[in-house]
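Subject: Structure for your review

Dear colleague,

Please find the structure below, handed over for your use. My notes on it follow.

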Amino acid sequence: MIRFDLMPETRTKTVRREYDLYPSVDISENKDGYRLSFEIPGIAKDDVKIWIEKDMLMASGEKKHDLNKNEVRHLGERRFGKFERSFWLPEDGDREKVKAEFENGLLTVTVPKAAESKPREIKIN
């Protein structure tokens with residue numbers, strides 16, 4: 001059973017405020033595991049944190065403002081601030097082998113399926 005954030009209103013702990021970031025996330029599955037891709041441009045790798053808490057995959061970060069002290073902003077269409085997203089991990093996900101990569105504003109988290117949950121053929125004697 002996949003328990004990822006397919007229904008945000010019931011399966012995520014995220015509270016969305018009007019001016020905070022809310023990164024878009026794609027979730028996909030193949031025979032070996034699951035992939036979560038977070039789109040977070042403009043955030044430094046060191047400003048992102050990923051952790052597992054019980055059966056939840058948690059991601060948080062902050063896109064910091066780039067205004068100098070001597071500048072006055074006349075137009076501001078980009079969003080800055082903190083975010084936190086959380087997703088229930090699938091029951092067949094191997095929590096000990098979760099990996100994360102960050103490149104060009106895309107955070108990719110892979111959750112491999114546990115070996116015992118993968119289909120295997122049984123030899124008939």
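Which residues of the largest nonpolar core touch the most other members? They are Leu-36, Phe-38 and Val-109, in a core of 16 residues. The elements giving two or more residues to this core are β2 (33-39), β4, β5 and β7. In soluble globular proteins, nonpolar side chains tend to be buried together.

Please bear in mind throughout that this is a predicted model.

Overall composition

The secondary structure of the chain consists of one helix and seven strands, and along the sequence these follow the pattern α-β-β-β-β-β-β-β. The chain has 125 residues, of which 32% are buried. Its accessible surface amounts to about 9,400 Å², with 47% of that belonging to carbon and sulfur atoms. Among contacts with a separation of 6 or more, 56% are made by residues 24 or more positions apart.

The four-stranded sheet

One open sheet has four strands in the order β1-β2-β7-β6, with antiparallel pairing. Its edges are taken by β1 (24-29) and β6; each has a single partner strand, so one side of each is left without a neighbour in the sheet. From one strand to the next, the twist averages 15°.

Strand β6 (residues 99-103) deserves a separate remark. None of its five residues is buried, so the strand lies largely in the open. It is joined to β7 (residues 106-112) by five bridges, and the two strands run antiparallel. Two of the pairs can be named individually: Ala-100 has Val-109 as its bridge partner in β7, and Glu-103 has Leu-106. Val-109 thus appears both in this pairing and among the residues that touch the most other members of the core.

The hairpin of β6 and β7 has two residues between the strands. Asn-104 lies in this loop and has a positive phi of about 50° although it is not a glycine. Most residues other than glycine have a negative phi. Is Asn-104 buried or exposed? With a relative accessible area of 75%, Asn-104 counts as exposed, because the cut-off for that class is over 50%.

The three-stranded sheet

The other open sheet to report has three strands in the order β3-β4-β5, again with antiparallel pairing. The edge strands here are β3 (48-53) and β5 (81-88), each of which pairs on one side only. The twist in this sheet averages 15° from one strand to the next. Eight bridges join β4 to β5, and these two strands run antiparallel. Within that pairing, Met-58 stands opposite Ser-86 in β5.

What surrounds Lys-63, a residue of strand β4 (residues 56-63)? Leaving aside residues up to four places away in sequence, Lys-63 touches Leu-21, Pro-41, Gly-42, Ile-43, Arg-79, Phe-80 and Gly-81. Its relative accessibility is 12%, so Lys-63 counts as buried, the cut-off being under 20%.

Lys-54 presents another setting. This lysine is placed in the loop between β3 and β4, and it is exposed, with a relative accessible area of 77%. Its phi is near 55°, a positive value in a residue other than glycine.

Confidence

The mean pLDDT of the chain is 83, and 83% of the residues reach 70 or more. Where in the chain is confidence lowest, and where is it highest? The lowest value belongs to helix α1 (residues 8-11), at a mean of 42, and the highest to β7, at 96. Over residues 5-14, pLDDT stays under 50, and for this stretch the model has 20 contacts beyond four places in sequence. Where pLDDT is low, the predicted coordinates should not be read in detail.

In summary, the points I would bring to your attention are the core around which β2, β4, β5 and β7 each contribute two or more residues, the edge strand β6 with zero buried residues, the buried Lys-63 in β4, and the positive phi values of Lys-54 and Asn-104.

With kind regards

Methods. Residues are numbered from 1 along each chain as its sequence is written. This is a predicted model: local features need pLDDT of at least 70, side-chain atom pairs count only at pLDDT 80 or more; totals for chains, interfaces and linings use all residues. Side-chain values use heavy atoms; hydrogens and water are left out. Buried means under 20% relative accessible area, exposed over 50%, partly exposed in between (1.4 Å probe, protein chains only). Contact means heavy atoms within 4.5 Å. Two strands pair if DSSP finds at least two bridges between them. Axes are lines fitted to C-alpha atoms, for helices over the stretch in contact, and angles run from 0 to 180 degrees between N-to-C directions. Accessible areas come from the Shrake-Rupley method with a 1.4 Å probe; for residues, only the protein chains shown count as cover. A nonpolar core is a set of buried Ala, Val, Leu, Ile, Met, Phe, Trp, Tyr and Cys residues joined through side-chain atoms within 4.5 Å. pLDDT is the predictor's confidence in each residue, from 0 to 100.
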